[in-house]
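Here are a few short exercises, each with a worked solution. Keep a viewer open and try each task before reading on.

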Amino acid sequence: MSRKPELKGRAARLARLFPAGPRQAARTPFVLLVVLLLGGGLIGLLVLNSALSEGSFKMDDLQKDTKSLTDEEQALQRDIDSYSAPDALQRRARELGMVPGGDPAFLDPDGTVKGVPSPAAQQSVQEAPAVRPPEALLLSQTIGSSPSPAPSGAPLDSPARSASPDPTATTPETPGR
């Protein structure tokens, strides 16, 4: 058998600082610590992955909503553009019984008139609108004739309007009579 050599001096003092026998460190706490760290890391990754997936699904839904709303906005803008085109405005104005105005006159701040105003062109019977505004239909049913232009500032049922029907106008035919 082999004996350990006996140490002297400084080496002996240092040897006393180290444990004397062959001891093994307890492995159970270390193994438990490593298992807990790995398990916690895996659970953390699982939670992070599911949160990212949920955010991805929400983002996909929001992108679909944005695309559908953008398409709807473009369709509405196309409708607005078609209704505000000059030919469409002119057609709608004629359907409502409007006629192009004459030459305008302008007022200066001092009250003088610049220009010579001219009346709007008279609308012939052939140019009469197929579609009338609701006020004209209501008035023609109560008076029994087609409406005439109201004097400026006079309401639709004012005596000035009902007392001066257009002599050239014809009475509209009412279906069912």
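**Exercise 1.** In which helix is valine 31 found?

*Solution.* Valine 31 belongs to helix α2; helices (H or I, at least four residues) and strands (E, at least two) are DSSP runs, numbered from the N terminus. Before going further, note that this is a predicted model, in which local features need pLDDT of at least 70, side-chain atom pairs count only at pLDDT 80 or more, and totals for chains, interfaces and linings use all residues. Residues are numbered from 1 along each chain as its sequence is written, and side-chain values use heavy atoms, with hydrogens and water left out.

Next, look at accessibility: valine 31 has a relative accessible area of 47% and is partly exposed. Here buried means under 20% relative accessible area, exposed over 50%, and partly exposed in between (1.4 Å probe, protein chains only). Finally, Phe30, Val31, Val34, Val35 and Leu38 make a nonpolar surface patch of about 480 Å². Such a patch takes residues with over 30% relative accessible area and no salt bridge, joining nonpolar side chains (Val, Leu, Ile, Met, Phe, Trp, Tyr) within 5 Å. The areas come from the Shrake-Rupley method with a 1.4 Å probe, and for residues only the protein chains shown count as cover.

**Exercise 2.** Work out which elements of the chain have the lowest and the highest mean pLDDT.

*Solution.* Start with the layout: five helices and two strands, in the order α-α-α-β-β-α-α. pLDDT is the predictor's confidence in each residue, from 0 to 100. The chain averages 76, and 63% of the residues score at least 70. Among the elements, helix α2 (residues 27-83) has the highest mean, 95, and helix α5 (residues 159-163) the lowest, 43. Over residues 145-177 pLDDT stays under 50, and the model has 28 contacts there beyond four places in sequence, a contact being heavy atoms within 4.5 Å. Where pLDDT is low, the predicted coordinates should not be read in detail.

**Exercise 3.** Find the salt-bridge partners of lysine 58 and arginine 91.

*Solution.* A salt bridge is a side-chain nitrogen of Lys or Arg within 4 Å of a carboxyl oxygen of Asp or Glu. The whole structure holds six of them. Lysine 58 pairs with glutamate 54, with closest N and O atoms 3.7 Å apart. Both residues lie in helix α2, four residues apart, about one turn of the helix. Glutamate 54 is partly exposed at 46%.

Arginine 91 pairs with glutamate 95 at 3.5 Å between the closest N and O atoms. These two are four residues apart in helix α3 (residues 86-95), so about one helical turn separates them. Both ends are partly exposed: arginine 91 at 46% and glutamate 95 at 24%. Adding Arg92 completes the picture, since Arg91, Arg92 and Glu95 are linked in a network of salt bridges.

**Exercise 4.** Where is threonine 112 placed, and which residues does threonine 112 touch?

*Solution.* Threonine 112 sits in the loop between β1 (106-107) and β2 (113-114). Leaving aside residues up to four places away in sequence, threonine 112 touches Phe106 and Leu107. With a relative accessible area of 38%, threonine 112 is partly exposed.

Notes. Patch = residues over 30% accessible without salt bridge, like charges linked within 9 Å, V, L, I, M, F, W, Y side chains within 5 Å.
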